[in-house]
Amino acid sequence: MKYKGYCGQVSYDEEAKLFHGEVVGLRDVITFQGTSVDELEQAFKDSVDEYLDFCKELGRAPEKPFSGKLLLRLPPEIHERVAYEAKRSGISLNAWLRQGIQRLLTSSEHKLPRRKQA
């Protein structure tokens, strides 16, 4: 589920007959719960709105999930090979890695949902 750029991940507690959810991709913790899909969706939206209001009251910017920045640690030998391949391809290291990741996602059975173009 998505709302205002935030993504919620949901699990179901059979014993309690309750859906539990959490917004993913943040250090801050935003949770929500419901006993039906409609209730869960509303709780998700309410929790995100409450988080945004809380940040506003504190005078701080809310965290944004998935900023597009990714810290990647590699062994030096792999870093060297990747840098060489990017140079040989005539593109930046960032562009080379982005293309490689996109190829993996395209060939994967677990494709990410596409974002709507504005």
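This dialogue goes through the strands, turns, burial and charges of a predicted model.

Q: What kind of model is this, and which residues count for local features?
A: The model is predicted: local features need pLDDT of at least 70, side-chain atom pairs count only at pLDDT 80 or more, and totals for chains, interfaces and linings use all residues. Residues are numbered from 1 along each chain as its sequence is written, and side-chain values use heavy atoms, with hydrogens and water left out.

Q: How are helices and strands defined, and in what order do the strands form the sheet?
A: Helices (H or I, at least four residues) and strands (E, at least two) are DSSP runs, numbered from the N terminus. Two strands pair if DSSP finds at least two bridges between them. Here four strands form an open sheet in the order β1-β2-β3-β4, with antiparallel pairing. β1 and β4 are the edge strands, each pairing on one side only.

Q: How many bridges join each pair of strands, and which residues are partners?
A: Two bridges join β1 to β2, and Lys2 stands opposite Cys7 in β2. Seven bridges join β2 and β3. Among the partners there, Tyr12 is matched with Phe19 in β3, and Cys7 stands opposite Val24 in β3. Cys7 thus appears opposite Lys2 and also opposite Val24. Strand β3 (residues 18-24) is joined to β4 by four bridges, with Gln33 in β4 as the bridge partner of His20.

Q: Which residues in the hairpins have a positive phi?
A: The hairpin of β1 and β2 has two residues between the strands, and Lys4 takes a positive phi near 50 degrees. In the hairpin of β2 and β3, with four residues between the strands, Lys17 has a positive phi near 55 degrees. Neither is a glycine, as is stated for Lys4 and for Lys17. The hairpin of β3 and β4 has six residues between the strands, and Gly25 in its turn has a positive phi of about 90 degrees.

Q: What do the words buried and exposed stand for, and are Lys4 and Lys17 buried or exposed?
A: Buried means under 20% relative accessible area, exposed over 50%, and partly exposed in between (1.4 Å probe, protein chains only). Lys4 is partly exposed because its relative accessible area is 48%. Lys17, in the loop between β2 and β3, counts as exposed because its value is 55%.

Q: Which side chains of β4 are buried?
A: Along strand β4 (residues 31-34) the side chains alternate. Phe32 and Gly34 point to one face and are buried, while Thr31 and Gln33 point to the other and are not.

Q: Where is Ala43, and is it buried or exposed?
A: Ala43 is in helix α1, and it counts as buried because its relative accessibility is 16%. Its C-alpha atom is 9.2 Å from that of Gly21, although the two residues are 22 residues apart along the chain.

Q: What counts as a salt bridge, and how many does the structure hold?
A: A salt bridge is a side-chain nitrogen of Lys or Arg within 4 Å of a carboxyl oxygen of Asp or Glu. A search of the whole structure finds three.

Q: Which parts does the salt bridge of Lys4 and Asp49 tie together?
A: The side chains of Lys4 and Asp49 meet at 2.8 Å, N to O. Lys4 lies in the loop between β1 and β2 and Asp49 in helix α1, so the pair ties together parts that are 45 residues apart in sequence. Asp49 is partly exposed, at 22% relative accessibility.

Q: Where do the salt bridges of Arg60 and Arg88 lie?
A: Arg60 forms a salt bridge with Asp28, the closest N and O atoms being 3.1 Å apart. Arg60 lies in the loop between α1 and α2 (76-89) and Asp28 in the loop between β3 and β4, so the pair ties together parts that are 32 residues apart in sequence. Arg88 forms a salt bridge with Glu85, with the closest N and O atoms 2.7 Å apart. Both lie in helix α2, three residues apart, about one turn of the helix. Arg88 is exposed at 57% relative accessibility, whereas Glu85 is partly exposed at 25%.
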